[in-house]
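Student: Could you take me through one part of this structure in detail? I'd like a close look at the aromatic rings and how they sit together.

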Amino acid sequence: MTMWVLATWPPMAITSEPNADAVETAIRALDNETRLGLALFRERDDPPESERIVVMGGKRLNVEYWPAGAEAPTFYLQDDRADKHAQTLVNFGDQGTLAYPMSETVTQDIAVAEILYFMKHGKISAYGAWSPYDSL
């Protein structure tokens, strides 16, 4: 059985089997101050593990894809139209704030489109804004 789970923080809230509207609403609510991030998990029974997309930030978002069983993310969303020399800060709560090149973050619109594609097709888009981490 495959089940989608949406986790948002803070405050921690879990939504089992979220629909597209719930995911879009959660992404658009991120403000990098009081609502820092979310994770969309796809739980699998065989083998018992999950893959996930983790989203942190506000107007500009750090978005990472973690394959099932991975100890680190393998892909991130990038915005080729954004200024590569400008930086944006992403608040990771207790872990601190990190500065990212603007091009290594995306707008909420890009994040929504890519995450809804993932939910609908069960994989990240090969033609979307995803870049492998080894390309940095």
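Tutor: Let's start with the whole chain and then go to the rings. One thing up front: this is a predicted model, where local features need pLDDT of at least 70, side-chain atom pairs count only at pLDDT 80 or more, and totals for chains, interfaces and linings use all residues. Residues are numbered from 1 along each chain as its sequence is written, and side-chain values use heavy atoms, with hydrogens and water left out.

The protein has 2 helices and 10 strands, where helices are DSSP runs of H or I with at least four residues, strands are runs of E with at least two, and numbering goes from the N terminus. Along the sequence, that gives β-β-α-β-β-β-β-β-β-β-α-β. Its radius of gyration is 14 Å, which agrees with the value near 14 Å for a compact globule of 136 residues; this is taken over C-alpha atoms, and the globule rule is 2.2 Å times the number of residues to the power 0.38. Of those 136 residues, 43% are buried, meaning under 20% relative accessible area with a 1.4 Å probe and protein chains only. As for contacts (heavy atoms within 4.5 Å) between residues at least 6 apart in sequence, 54% join residues at least 24 apart.

Now the rings. A pair of aromatic rings is described by the distance of the centres and the angle of the planes. Rings of Phe, Tyr and Trp (its six-membered ring) pair if their centres lie within 6.5 Å; planes under 30 degrees apart are stacked, over 60 edge-to-face, and the rest tilted. That rule finds 4 aromatic pairs here. One of them joins tyrosine 65 and phenylalanine 118, edge-to-face, with 5.8 Å from centre to centre and 70° between the planes. The two partners are 53 residues apart and link distant parts of the chain: tyrosine 65 belongs to strand β5 (residues 60-66), phenylalanine 118 to helix α2 (residues 108-121). Phenylalanine 118 is buried, at a relative accessible area of 0%, and tyrosine 65 is buried too, at 11%.

Tyrosine 65 also pairs with tryptophan 130: the ring centres are 6.5 Å apart and the planes at 70°, so this pair is edge-to-face. Again distant parts of the chain are linked, since tryptophan 130 lies in strand β10 (residues 130-132), 65 residues from tyrosine 65 in strand β5. Tryptophan 130 is buried, as is tyrosine 65. Put together, Tyr65, Phe118 and Trp130 make one aromatic cluster.

Definitions and conventions: Buried < 20%, exposed > 50% of the residue type's maximum accessible area, 1.4 Å probe, protein only.
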